[in-house]
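Here are a few short exercises to work through with the model open beside you. Try each task before reading its solution.

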Amino acid sequence: AAEIVLASCTSWLDADGSKQPLTSDKDPCRPGVKAAVDLCTKAGVKVMGRSSPSDKLLLVQALRKRGHVVAVTGDGTNDAPALHEADIGLSMGIQGTEVAKESSDIIILDDNFASVVKVVRWGRSVYANIQKFIQFQLTVNVAALIINVVAAVSSGNVPLNAVQVG
């Protein structure tokens, strides 16, 4: 399920200290995954994949301790702790186990990592809209409060009642 390769990682050191290329002939990425990873990287999302369930959990805990927002994909029962611990757990809807689905926040119905790009776009859009709404509400309410305070001090009457302000 986590079929992504860390974009900046091109090799690894084996037990002897020899540098080995980072490849996976046994389980290649699905079509569209490389483009999705590139889009995520350009959007500032750091991507890492093909981790064991215990490594996922350790990585989630370490990143959250440092203040990062962490999302994890998983499909197996062993991924459930990392899915639960992450800020956003994404499980696979087709291949995923029921335990993984129950531990996650979002179920990717098509089991395609490219769908994560859509999730990130929607999430950022909703976040930006919430920020705009809060800014608008604060501006309106502060203006109404100032009008009421000035009117109450100068004339003794309050032009806006509680229902009109709220």
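**Exercise 1.** In this predicted model, find the closest N and O atoms of the salt bridge between Lys56 and Asp79, and say which parts of the chain the pair joins.

*Solution.* Start with the distance: the closest N and O atoms of Lys56 and Asp79 are 3.4 Å apart, and the cut-off for a salt bridge is 4 Å. Next, place the partners. Lys56 belongs to helix H2, while Asp79 sits in the loop between strand E3 (71–74) and helix H3 (80–85), so the bridge ties together parts 23 residues apart in sequence. Finally, check the accessibility: both Lys56 and Asp79 are buried.

**Exercise 2.** Take the salt bridge of Asp87 with Arg64 and work out where each partner lies.

*Solution.* The closest N and O atoms of Asp87 and Arg64 are 3.3 Å apart. Asp87 is in the loop between H3 and strand E4 (88–92), and Arg64 is in helix H2, so to speak a link between distant parts of the chain, 23 residues apart. Now the accessibility: Asp87 has a relative accessible area of 32% and is therefore partly exposed. Arg64, at 37%, also counts as partly exposed.

**Exercise 3.** Describe the salt bridge between Asp38 and Lys34 and its place in the fold.

*Solution.* The N to O distance between these side chains is 3.6 Å. Both Asp38 and Lys34 lie in helix H1 (residues 33–42), four residues apart, about one turn of the helix. An α-helix has 3.6 residues a turn, so residues three or four places apart point the same way. Lys34 is exposed at 63% relative accessible area, and Asp38 is partly exposed at 31%. The full count for the model is four salt bridges.

**Exercise 4.** Test whether the end-to-end distance of helix H5 agrees or disagrees with its number of residues.

*Solution.* H5 covers residues 114–155, which is 42 residues. The expected span is 1.5 Å times one less than the number of residues, which gives 62 Å for H5. The end C-alpha atoms of H5 are 62 Å apart, so the two values agree. Just after the helix comes Gly156, with a positive phi near 85°.

**Exercise 5.** Find the backbone nitrogens that the side chain of Asp111 reaches.

*Solution.* Asp111 is in the loop between strand E5 (106–108) and H5. Its relative accessibility is 5%, so Asp111 counts as buried. The Asp111 side chain reaches the backbone nitrogen of Ile94 at 2.9 Å, and a polar atom of that side chain lies 2.7 Å from the backbone nitrogen of Gln95.

Technical notes. Residues are numbered from 1 along each chain as its sequence is written. This is a predicted model: local features need pLDDT of at least 70, side-chain atom pairs count only at pLDDT 80 or more; totals for chains, interfaces and linings use all residues. Side-chain values use heavy atoms; hydrogens and water are left out. Helices (H or I, at least four residues) and strands (E, at least two) are DSSP runs, numbered from the N terminus. Buried means under 20% relative accessible area, exposed over 50%, partly exposed in between (1.4 Å probe, protein chains only). A polar contact is a pair of N or O atoms within 3.5 Å; within protein, one must be able to donate a hydrogen and the other to accept it, and residues adjacent in sequence count only if both atoms are side-chain atoms.
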